[in-house]
Amino acid sequence: MKRLLFILLACLEVAQSLAQTTVRGKVTDGETGEPLPYVTVVFTYTNIGTTSGFDGDFELIGVAAD
């Protein structure tokens, strides 16, 4: 019974880790297409966010994929 519970918990842990993903992107000016550095990128209605780098690139690691 303990072994079965351990296997079940291990499977749930693997499933949870697979449900997370990485979101990457680039923030650019809508008119000129130039990259925008140091822009705050936040998912709406959450506290998950980051800031774009000098070249406008950003990356959010470990975002839950619901």
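Ser52 is found in the loop that joins strands β3 and β4, where strands are DSSP runs of E with at least two residues, helices are DSSP runs of H or I with at least four residues, and both are numbered from the N terminus. The model is a predicted one, in which local features need pLDDT of at least 70 and side-chain atom pairs count only at pLDDT 80 or more, while totals for chains, interfaces and linings use all residues. Residues are numbered from 1 along each chain as its sequence is written, and side-chain values use heavy atoms, with hydrogens and water left out.

Ser52 makes a good starting point for a tour. This residue counts as buried because its relative accessibility is 1%; buried means under 20% relative accessible area, exposed means over 50%, and partly exposed lies in between, with a 1.4 Å probe and protein chains only. Setting aside neighbours within four places in sequence, Ser52 is in contact with Val27, Leu36, Pro37, Tyr38, Val39, Asp57 and Phe58, contact being heavy atoms within 4.5 Å.

One of these partners, Tyr38, belongs to the loop between β1 and β2. Tyr38 counts as exposed, because its relative accessibility is 57%. Apart from neighbours within four places in sequence, the contacts of Tyr38 are Thr51, Ser52, Gly53 and Phe54. From C-alpha to C-alpha, Tyr38 and Thr50 are 9.3 Å apart in space, with a separation of twelve residues in sequence.

Asp29 also sits in the loop between β1 (20–26) and β2 (40–42). With a relative accessibility of 28%, Asp29 counts as partly exposed. Its side chain reaches the backbone nitrogen of Glu31 at 2.7 Å, a polar contact being a pair of N or O atoms within 3.5 Å; within protein, one atom must be able to donate a hydrogen and the other to accept it, and residues adjacent in sequence count only if both atoms are side-chain atoms. When residues up to four places away in sequence are not counted, Asp29 touches Glu34 and Leu36. Asp29 and Gly56 are 27 residues apart in sequence, and their C-alpha atoms are 9.7 Å apart in space.

Charged side chains come next. A salt bridge is a side-chain nitrogen of Lys or Arg within 4 Å of a carboxyl oxygen of Asp or Glu, and by this rule the count is one. Glu59 forms a salt bridge with Arg24, and their closest N and O atoms are 2.5 Å apart. The pair links distant parts of the chain, with Glu59 in strand β4 (residues 57–64) and Arg24 in strand β1, 35 residues apart. Glu59 counts as partly exposed at 36% relative accessibility, whereas Arg24 is exposed, with a relative accessible area of 61%.

Stepping back to the whole protein, the secondary structure consists of one helix and four strands, and the order from the N terminus is α-β-β-β-β. Of the 66 residues, 11% are buried. Among contacts between residues at least 6 apart in sequence, 42% join residues at least 24 apart. The accessible surface is about 5,600 Å², with 60% belonging to carbon and sulfur atoms; such areas come from the Shrake-Rupley method with a 1.4 Å probe, and for residues only the protein chains shown count as cover.

Confidence is expressed as pLDDT, the predictor's confidence in each residue, from 0 to 100. The mean pLDDT of the protein is 77, and 62% of its residues reach 70 or more. Among the elements, helix α1 (residues 2–18) has the lowest mean pLDDT, 59, and strand β3 (residues 49–51) has the highest, 90.
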